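Open the structure in your viewer and keep the selection tool at hand. We will walk from stop to stop, and at each one you will hear what to select and what is there.

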Amino acid sequence: MSAYAGTGRLVRLALRRDRVQLPVWIAGSAVILAAGAAAVIDEFPDAAGRATALQGAGTSPAVLLMRGTPVGTDLGALVNFRNLAFMLVLAALMSTFAVVRHTRQNEETGRAEMIGAASVGRRAALTAALTVVIGANLVFGVALIGALASAGLPAGGAVTFGVACAVTGMAFAGIAAVGAQLFQSARSANAFAATAVGVAYLVRGIGDALGERAADGVQVTSAWPSWVSPLGWGMLARPYGAERLWVLVLPILLLVACVWGAFALGGRRDLGAGLIPERPGPAAASRMLLSPLGLAWRLNRASTIGWLVGSVAFGLGVGSLGDVVNDALGGNEGVSKLMGQLAGTGSAGLVEAFFAAMMNVFGAVAACFAVQVLLRLRSEEAGGPAEAVLATAVGRARWVAAHLACAVGGAAAMLVLAGAATGLADAAVGGEVGVLTLVGAGLAQLPAATTVAGFVVLVFGGLPRMVVSLAWAGLVVSLACGLLGDVFGLPQAVRDVSPFTHVPAIPAVDATPGPIIGLVVVAAALAAAGMVLFRRRDLAT
Amino acid sequence: MTDAISVEGLVKTFGRTRALNGLDLVVQTGEVHGFLGPNGAGKTTTLRVLLGLLRADSGRAQVLGGDPWQDTTRLHRRLAYVPGDVNLWPNLTGGEAVDLFGDLRGGLDQARRAELLERFRLDPTKRCRTYSKGNRQKVALIAAFASDVELFVLDEPTSGLDPLMEAAFQQTVREVSAAGATVLLSSHIFSEVEALCSKVSIIRDGVTVESGTLAQLRHLTRTSVVVEAAQPITGLDALPGVHDLVADGGRAGFDVDAAALPGVLRHLASFEVQTLTSRPPTLEELFMRHYGDAPESAAEATSAGAAR
Ligand SMILES: Nc1ncnc2c1ncn2[C@@H]1O[C@H](COP(=O)(O)OP(=O)(O)OP(=O)(O)O)[C@@H](O)[C@H]1O
Ligand SMILES: [Mg+2]
């Protein structure tokens with residue numbers, strides 16, 4: 001049997017399952033873009049008005065961070081500036097979720113087993129998923145071209161815009177394909193892919209915010225970080241500006257490399273397994289496993305290691321940027337203001353503010369990790385082994401505490417490693433912030449991440465059937481209010497809702513114990529309340 | 001001797017569904033108690049209440065002398081539960097899962113574990129994700145039976161086992177029962193319940209409709225009789241306690257209430273009976289009377305089958 005046998009059947013199956021989801025996503029994106037284009041045409045009929053608006057935007061690194069760099073003063077260029085970043089993210093998320101849905105999630109739910117029995121080659125599932133998602137991206141691109149053209153914008157730029165979005169989506173399909181091979185659960189694979197989208201967005205945001213403004217005050221040339229981000233490439237093609245179509249080869253190359261990698265990884269594992277080798281396992285449990293904590297650690301071990309590796313890589317990247325921040329843009333007041341806003345400090349040293357802002361991001365990533373770990377409580381409870389475990393002598397509070405310990409312990413390890421990696425990379429490029437200071441700065445984020453964890457435990461105890469959506473919603477709100485609250489200009493009372501608002505912005509300011517102790521108390525209270533609620537409720541299987 | 005389990009007037013609602021509606025259940029220490037009822041009758045719900053996984057709305061439940069909701073972990077050291085749907089961790093091996101459940105319950109008898117692995121033919125080195133439903137049930141059964149506990153709560157434990165493994169299961173239940181343990185066994189397999197259980201409770205729509213020994217339950221219901229005589233049989237339809245009569249000359253088939261049986265036999269004697277077979281109701285028939293919404297028609301169907 002060929003390795004690809006049955007691919008066609010699987011493609012049809014996937015299309016059937018996605019017959020509502022993908023068309024809605026694509027059509028919705030096209031409608032948003034059409035509306036966005038119409039709004040620009042309506043608001044800015046003349047070139048002078050557009051130039052003024054873009055000059056204002058170009059001086060604000062915060063705007064550049066969120067939207068990307070302006071490419072010109074044409075109508076199309078302004079539509080691009082206002083919408084491209086968002087469309088790229090939509091394409092990326094559509095692709096990652098769809099790939100995970102048709103690969104790892106199928107395996108996890110056992111659907112793939114049924115399919116596997118019906119004479120399907122071992123490469124068929126991934127091939128089918130990629131076929132569907134690449135096709136979806138083509139349709140996505142065409143729909144966007146249609147939306148721009150129907151708004152009366154020039155076709156040439158529309159095509160570049162559409163192609164940029166389509167190939168970016170494809171690159172993220174490749175990233176998700178690798179994630180689906182590495183991680184055992186759809187939950188982890190989705191978290192991995194979504195984090196990849198977030199990090200890519202942030203990296204290109206930094207590159208754009210640090211970009212160099214041209215004399216006309218409109219165009220901005222991105223700094224190098226934009227070039228290492230798959231989301232940056234779509235923008236660097238500059239639809240409706242001085243177009244550079246060749247950049248769009250980069251996402252295609254990434255797709256090819258990822259697909260090759262995913263097949264290589266997939267060839268080494270069994271259906272349903274992650275990359276950890278299968279074959280006969282131990283016939284008896286080691287002492288390590290035989291406790292609620294040992295079990296929780298075992299269940300989270302593989303994904304925790306993945307997150308730790310990612311944190312180190314991200315930390316090294318951030319650390320090596322200190323140099324760029326300082327050298328290139330020490331004099332740019334807008335940038336220092338943005339960094340101050342992100343870090344939640346007034347004006348400190350630029351590098352310190354930058355690192356403080358990045359520590360907030362590490363704190364956010366650690367909180368994501370904690371949410372992912374704690375949501376396992378729910379998947380174990382709903383149709384999982386929790387019923388049998390809680391019928392043994394393990395009390396409910398102890399069971400929750402074991403998972404909470406994995407979440408908080410893992411988050412702590414991530415923050416220490418990220419801080420250390422940042423410090424080491426900074427030292428390597430001649431910075432002087434200091435490894436210990438940055439480790440401390442990383443750890444200062446732990447109480448905030450733990451507060452998010454406490455919130456998840458509370459919701460798990462009180463509203464178990466809604467915990468997945470409420471947990472992620474809570475995380476998004478605390479990130480939006482905490483990390484970006486100042487950039488968005490939210491009132492202080494709203495920003496105070498987020499635990500991240502209260503973290504001292506080390507190394508830009510000195511550590512203060514007050515807010516940290518406060519957060520620890522709040523986190524403990526939330527978690528304790530969640531455990532009490534859980535002990536009082538029915539097991540919701 | 002105290003009862004291992006005693007339940008009185010248990011009520012449990014899920015939103016608008018009334019899963020338990022005043023259920024009573026008594027399981028004496030040392031007995032193997034069959035727990036029967038149609039799908040959705042409330043068996044699993046009852047067992048979950050007894051394990052403190054669900055909290056009853058009202059009524060009283062006692063397990064091993066304690067309150068299952070208050071003394072949960074203390075009681076759980078003394079009992080073992082096999083859920084109806086055994087879900088395991090996909091990347092743990094079967095052996096690891098057995099050890100884990102055993103240890104979390106308070107310890108495993110290693111010799112017994114090895115013996116049971118052998119008896120149930122379970123490969124403990126395989127990942128749980130590769131196990132079939134029956135193999136997952138075996139993991140839970142081995143973990144339960146290798147624990148030294150006083151009470152076994154088993155929710156349809158054999159629904160995925162093949163006949164060979166069913167026999168292994170019955171042997172194991174007899175062993176733990178002989179050693180003095182109490183077993184509460186929910187099941188849809190009548191032969192298993194008839195073979196193992198000294199007492200049976202039948203529930204329906206969240207209430208207990210019958211409870212007692214099999215002999216007691218049989219006494220409450222009818223015996224099927226098929227008789228052939230040299231002379232045409234007459235007058236049976238006039239006798240009290242005779243139901244579903246199919247008479248055809250010297251041949252007759254009918255059901256008779258236990259209390260009316262002596263009178264019927266005296267009446268038959270005058271027709272020169274040649275053969276007479278009488279069969280006590282099977283558990284299945286007992287059960288069908290409480291199952292279908294029209295128990296009479298169910299009884300008709302069985303007696304017509306017997307007469308043919
Ligand atoms: N968590 C729940 N939420 C809502 N309804 C429930 C829940 N659990 C059980 N029920 C309902 O309670 C009733 C009793 O269900 P239960 O699972 O106890 O039946 P059962 O006797 O074990 O059935 P089966 O023989 O099919 O296993 C059913 O109507 C069921 O739909
Ligand atoms: Mg049941």
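Start by selecting B:Glu175, which is partly exposed with a relative accessible area of 28%; here buried means under 20% relative accessible area, exposed over 50%, and partly exposed in between, with a 1.4 Å probe and protein chains only. Now add B:Arg119, which counts as buried at 15% relative accessibility. The side chains of B:Glu175 and B:Arg119 form a salt bridge, 2.8 Å from N to O; the term stands for a side-chain nitrogen of Lys or Arg within 4 Å of a carboxyl oxygen of Asp or Glu. Follow the chain in both directions and you will see that this pair links distant parts of it: B:Glu175 sits in helix 6 (residues 163–178) of chain B and B:Arg119 in helix 4 (residues 110–119) of chain B, 56 residues apart. Helices (H or I, at least four residues) and strands (E, at least two) are DSSP runs, numbered from the N terminus. Extend your selection to B:Arg112 and B:Glu115: through salt bridges that share partners, B:Arg112, B:Glu115, B:Arg119 and B:Glu175 are joined into one network.

A word on what you are looking at: this is a predicted model, in which local features need pLDDT of at least 70 and side-chain atom pairs count only at pLDDT 80 or more, while totals for chains, interfaces and linings use all residues. Residues are numbered from 1 along each chain as its sequence is written, chains are lettered from A and ligands numbered from 1 in the order in which they are written, and side-chain values use heavy atoms, with hydrogens and water left out.

**More salt bridges in chain B**

Next, select B:Asp57 and B:Lys12, whose side chains meet in a salt bridge of 4.0 Å, N to O. B:Asp57 belongs to the loop between helix 1 (43–50) and strand 4 (58–63) of chain B, while B:Lys12 is in strand 1 (residues 3–14) of chain B, 45 residues apart. Which of the two is buried? B:Lys12 is buried, at a relative accessible area of 3%, whereas B:Asp57 is partly exposed at 42%.

Then go to B:Asp71 and B:Arg74, another salt bridge, with 3.4 Å from N to O. B:Asp71 counts as partly exposed at 24% relative accessibility, and B:Arg74 is partly exposed too, with a relative accessible area of 46%. Over all chains, the count comes to 21 salt bridges.

**Ligand 1**

Now select ligand 1 and show what surrounds it. There are 13 residues around the ligand, and B:Gly40, B:Lys43, B:Thr44, B:Thr45 and B:His188 come nearest; a residue is near a molecule or strand if one of its heavy atoms lies within 4 Å of it.

Which polar contacts can you find here, taking pairs of N or O atoms within 3.5 Å? Try these three:

- B:Asn39: a polar side-chain atom is 2.9 Å from an oxygen atom of ligand 1.
- B:Gly42: a backbone N or O atom is 2.9 Å from an oxygen atom of ligand 1.
- B:Lys43: an N or O atom in the side chain is 2.7 Å from an oxygen atom of ligand 1.

On its own, ligand 1 has 640 Å² of accessible area, and the protein covers 66% of it; such areas come from the Shrake-Rupley method with a 1.4 Å probe. Colour strand 2 (17–28) and helix 1 of chain B, the elements that give two or more residues to the shell around ligand 1. Helix 1 of chain B supplies the largest share of that shell, three residues.

**Chain B as a whole**

Zoom out until chain B fills the view. Chain B has 11 helices and 13 strands, and 51% of its 308 residues count as buried. Along the principal axes, its C-alpha atoms fill a box of roughly 70 × 45 × 35 Å.

**Over to chain A**

Colour chain A by its domain assignment, automatic or from a database: domain 1 covers 7–266 and domain 2 covers 303–536. The C-alpha centres of these domains of chain A lie 27 Å apart.

Select A:Arg204 in helix 10 (residues 186–209) of chain A. A:Arg204 counts as buried at 1% relative accessibility. Add A:Thr69: the two C-alpha atoms are separated by 10.0 Å, with these positions 135 residues apart along the chain.

For the last stop, select A:Cys165 and A:Cys258. How many disulfides are there over all chains, taking pairs of cysteine sulfur atoms within 2.5 Å? The count is zero. For A:Cys165, the nearest cysteine sulfur is that of A:Cys258, 19 Å away. A:Cys165 is buried at 0% relative accessibility, and A:Cys258 counts as buried at 10%.

Technical notes: A disulfide is a pair of cysteine sulfur atoms within 2.5 Å. A polar contact is a pair of N or O atoms within 3.5 Å; within protein, one must be able to donate a hydrogen and the other to accept it, and residues adjacent in sequence count only if both atoms are side-chain atoms.
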